Amino acid sequence: MIRSASYPRKLTKEEEYDYLEKKKNGCNIARDKLIEHNLRLVAHIVKKFDNTNESKDDLLSIGSLGLIKAIDTYKHPSMTKLATYAARCIENEILMLLRSNKKNRNLTYLESAVGFDKEGQEILLMDYLKDDTVDIEDDHIISETITKLKVTLSILNKREKEIITRRFGLKNSKCETQKEIAYDLKISRSYVSRIEKRALMKLYLKMLE
């Protein structure tokens, strides 16, 4: 999960207008910048739902999805500020999640926590990609996810691709834990975790295009 201190700064009015103009003309880089520099808004809105029983990571994930939808559907120029429009979209996505008891069963969130291992570390949905005990419905979702991941791996840098490939056994290899990868690469487990989550976010955004 991204810490608030690491969120990109808020765009100035001039910068936001410039990126909106470029996005309107089909610039994907501008679109990504608008998403990236508004992630702080997602974190701010998620705080309003601290009294719910939902995982903060789940709320951040669904809130980020709301932000992406807002950036993609916002009509520029508009009398409504982008932040106002985006906040409404983010809140709507979170409220829809809260109304549903299924919690992500019909949607695939790559970073959804599903439990804890013996070391007390969160187990992610992706950790179960090689589990033979999943049911038919889950297996269908997982198969589609793996296929999409293989197609989009090219957007990752060398280190990100190596860690994602080893973590989820994407090249017919066994799934490795973050601890195993960290030991082999002689880096910390927390650093492996940061690289993994950054790479998953890249893949997540690419799969939404």
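**Close-ups of helix H1 and a neighbouring pocket**

**View 1. The buried side of H1.** In this predicted model, Tyr 19, Leu 20 and Lys 23 are the residues to look for in H1, and they are buried. Why do they sit on the same side of H1? Because they cover an arc of only 100° around the axis, they end up on one side of the helix together. As for partners, the buried residues of H1 pack against helix H2 (28-36), helix H4 (56-73) and H5.

**View 2. The other face of H1, and what follows the helix.** Turn to the face pointing away from the buried side and you'll find Glu 14 and Lys 24, both exposed. Just past H1 comes Gly 26, with a positive phi of about 90°.

**View 3. H1 from end to end.** H1 has 12 residues, so at 1.5 Å a residue it should span 16 Å. Its end C-alpha atoms are indeed 16 Å apart, which agrees.

**View 4. The second largest pocket.** This pocket has a volume of about 570 Å³. Of the 25 residues lining it, Lys 10, Leu 11, Glu 16, Asn 38 and Ala 83 are the closest to its centre.

**View 5. Who lines that pocket.** Which helices each supply at least two residues of the lining of the second largest pocket? Helix H1 (13-24) is one, along with helix H3 (39-46) and helix H5 (82-99). Chemically, the lining of the second largest pocket is a mix: 11 nonpolar residues, 8 polar and 6 charged. H5 turns up twice in these views, as a packing partner for the buried residues of H1 and as a contributor to the pocket lining.

Terms used
Residues numbered from 1 in each chain as written. Predicted model: local features only at pLDDT ≥ 70, side-chain atom pairs only at ≥ 80, totals over all residues. Heavy atoms only, no water. 1 Å grid on protein atoms, 1.4 Å probe; cavity = no way out; pocket = protein on both sides within 12 Å on 5 of 7 lines; lining within 4 Å. Points joined across faces, edges and corners; volume = space filled by probe spheres on them. Helix = DSSP H or I, 4+ residues; strand = E, 2+ residues; numbered from the N terminus. Nonpolar A, V, L, I, M, F, W, Y, C, P; charged D, E, K, R; others polar. Expected span 1.5 Å × (residues − 1). Buried < 20%, exposed > 50% of the residue type's maximum accessible area, 1.4 Å probe, protein only. Arc of directions from axis to C-beta. Contact = heavy atoms within 4.5 Å.
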